[in-house]
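I am opening my notebook on a new protein. I will look things up step by step and write down what I find.

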Amino acid sequence: MDQSQYSKIEKGKTDPTTATLEKICKALNIEVAELFVSDQLFKNVDSLDKSLVEKVHLLEQLDESEKQSIFQIIDSLIIKKRLKDTLNDAINLAS
């Protein structure tokens, strides 16, 4: 499926065809009916309210490429934070 089409579906700009739903389900290794019981699929996934240990457990469920993506995001945020702190310290010293 074309990525732009997938994006339109995600944003609610278009509805997927039955064939597209079947492809998505095949990629997710789920049945089409499972898409319509999302409360059960996404139950207990909201990691914002989870402890750090619970969040790590959720991360362990991801495949290696997904884990790498998450770790790259974390690394970039840490680098951004360190850079910001360093710049703030330099500004404060110069004041």
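How many helices and how many strands are in the protein? I note first that this is a predicted model. I counted 5 helices and 0 strands. From the N terminus on, I read the order of elements as α-α-α-α-α.

Next I looked up the overall spread. The radius of gyration is 20 Å, and the globule rule gives 12 Å for 95 residues. The value is well over the rule, so I wrote down that the protein is more spread out than a compact globule. I also took the span of the C-alpha trace along the principal axes. It comes to about 65 × 30 × 25 Å.

Then I turned to the surface. What percentage of the 95 residues is buried? I found 7%. The protein exposes about 8,600 Å². Carbon and sulfur atoms supply 56% of that area.

I checked the charges too. I listed 13 positive and 17 negative charges in the protein. The mean positions of these two groups lie 6 Å apart.

Last, I picked one residue, Thr 18. Which helix holds Thr 18? I found Thr 18 in helix H2, which covers residues 18-28. Is Thr 18 buried or exposed? Its relative accessibility is 56%, and exposed means over 50%. Therefore I entered Thr 18 as exposed.

I then compared Thr 18 with Leu 87. They are 69 residues apart along the chain. Their C-alpha atoms are separated by 53 Å.

Notes:
Residues numbered from 1 in each chain as written. Predicted model: local features only at pLDDT ≥ 70, side-chain atom pairs only at ≥ 80, totals over all residues. Heavy atoms only, no water. Helix = DSSP H or I, 4+ residues; strand = E, 2+ residues; numbered from the N terminus. Rg over C-alpha atoms; globule rule 2.2 N^0.38 Å. Buried < 20%, exposed > 50% of the residue type's maximum accessible area, 1.4 Å probe, protein only. Areas by Shrake-Rupley, 256 points an atom, 1.4 Å probe, with all protein chains shown as cover. Lys, Arg positive; Asp, Glu negative; His and termini not counted. Charge placed at Lys NZ, Arg CZ, Asp CG, Glu CD.
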